[in-house]
Amino acid sequence: VMLHPVLCLEQSNEAFYVRLDEAAVVDWLARNGVPLSETDRPSLGGRLIEAYPPVAFSRFLDEFRRERTMSRLAYPYVYTLLHTFAHHLICVSASMSGLDVGSFGEHIFVPDLALVVYRRGMTMDLGNLSSMWRDRSDPATGNEVLDRMVAPESLRCGSESVCTHHGGACPDCILIPETACLTRNELLSRSVLSG
């Protein structure tokens with residue numbers, strides 16, 4: 001029996017886990033003309049796994065980016081939606097928590113329609129995210145973090161470039177440092193947040 005050591009670092013941390021509503025995502029795909037595979041799988045996640053693109057996603061999505069004739073497939077659209085939403089949550093959280101945008105990390109779980117945004121590293125500011133959420137919540141008025149996530153000015157590109165209306169992202173928008181992004185800021189589109 002060969003043993004392979006797995007090196008890891010245990011740390012205390014905090015994160016936001018967000019799961020999108022499946023019916024809303026199915027409706028969004030239909031409105032964008034993205035066909036879903038007809039299978040016996042009842043869940044969107046099962047259909048996404050079965051219809052995984054013939055051009056596989058690498059860690060940095062290079063093959064997908066180079067493919068010019070890629071048809072509208074549900075998996076890349078859902079990935080772009082989740083990835084853009086994660087960056088939007090990172091930017092809003094950074095502006096409200098006092099943490100730097102580069103101090104966040106992300107994980108995308110496409111079949112689950114979910115994402116995790118977390119604080120990277122082990123620094124003395126543990127608690128910033130939870131205190132931001134707690135301090136900006138009021139039973140009578142709601143949560144300021146969520147309000148800012150859907151505020152019209154938050155959904156627009158800061159430079160009013162083509163990002164808002166034609167897709168994409170720019171440095172004044174939802175791009176984060178490439179060291180904090182799983183995919184070097186690939187497959188992001190500001191338009192998915194409002195379209």
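Strand β1 shows two unlike faces in this predicted model: Phe-16 and Val-18 lie on the covered face, whereas Ala-15, Tyr-17 and Arg-19 lie on the uncovered one. In a regular strand, side chains alternate between the two faces of the sheet. Strands here are DSSP runs of E with at least two residues, helices are runs of H or I with at least four, and both are numbered from the N terminus. Residue numbers start from 1 along each chain as its sequence is written. Since the model is predicted, local features need pLDDT of at least 70 and side-chain atom pairs count only at pLDDT 80 or more, while totals for chains, interfaces and linings use all residues; side-chain values use heavy atoms, with hydrogens and water left out.

β1 belongs to an open sheet of 3 strands, in the order β1-β3-β2 and with antiparallel pairing. The edges are taken by β1 (15-19) and β2 (104-109), each of which has a single partner strand, so one side of each goes without a neighbour in the sheet. From one strand to the next, the twist averages 15 degrees. Pairing is called when DSSP finds at least two bridges between two strands. β1 and β3 run antiparallel and are joined by 5 bridges; Ala-15 has Tyr-118 as its bridge partner in β3, and Tyr-17 stands opposite Val-116.

On the other side of the pairing, 6 bridges join β2 to β3 (residues 114-119), again antiparallel. Phe-104 has Arg-119 as its bridge partner in β3, and Gly-105 has Tyr-118. Tyr-118 thus turns up in both pairings, as partner of Ala-15 and of Gly-105. As for burial, 5 of the 6 residues of β3 are buried, so β3 is largely enclosed by the rest of the structure. Buried means under 20% relative accessible area, exposed means over 50%, and partly exposed covers what lies in between (1.4 Å probe, protein chains only).

β2 and β3 also form a hairpin, with 4 residues between them. What is the sign of phi at Leu-113? Phi of Leu-113 is near 55 degrees, a positive value in a residue other than glycine. Most residues other than glycine have a negative phi. Leu-113 sits in the loop between β2 and β3 and is buried, with a relative accessible area of 1%. Another such case is Leu-187, in the segment after α8 (163-166), where phi is positive at about 50 degrees although the residue is not a glycine.

Then there is the helix that goes with the sheet. Helix α4 (residues 74-97) packs on the sheet and touches β1, β2 and β3, contact meaning heavy atoms within 4.5 Å. The direction of α4 makes about 155 degrees with that of β2; axes are lines fitted to C-alpha atoms, for helices over the stretch in contact, and angles run from 0 to 180 degrees between N-to-C directions. With 24 residues, α4 reaches 34 Å from its first C-alpha to its last, close to the 34 Å expected at 1.5 Å a residue (the expected span being 1.5 Å times one less than the number of residues). Of those 24 residues, 20 are buried, so α4 is largely enclosed by the rest of the structure. Just after α4, Gly-98 takes a positive phi of about 90 degrees.

Ala-74, in α4, counts as buried at 9% relative accessibility. Leaving aside neighbours within four places in sequence, Ala-74 is in contact with Leu-29, Val-34, Pro-35, Leu-36 and Leu-48. Ala-74 and Leu-29 are 45 residues apart in sequence, yet their C-alpha atoms are 7.1 Å apart in space.

Zooming out, the protein chain has 8 helices and 5 strands, running β-α-α-α-α-β-β-α-β-β-α-α-α from the N terminus. Buried residues make up 42% of the 195 residues in the chain. Among contacts between residues at least 6 apart in sequence, 62% join residues at least 24 apart. The chain exposes about 11200 Å², with carbon and sulfur atoms supplying 56% of it; accessible areas come from the Shrake-Rupley method with a 1.4 Å probe, and for residues only the protein chains shown count as cover.

As for confidence, pLDDT (the predictor's confidence in each residue, from 0 to 100) averages 84 over the protein chain, and 83% of the residues score at least 70. Among the elements, β1 has the highest mean pLDDT (95) and helix α3 (residues 62-66) the lowest (62).
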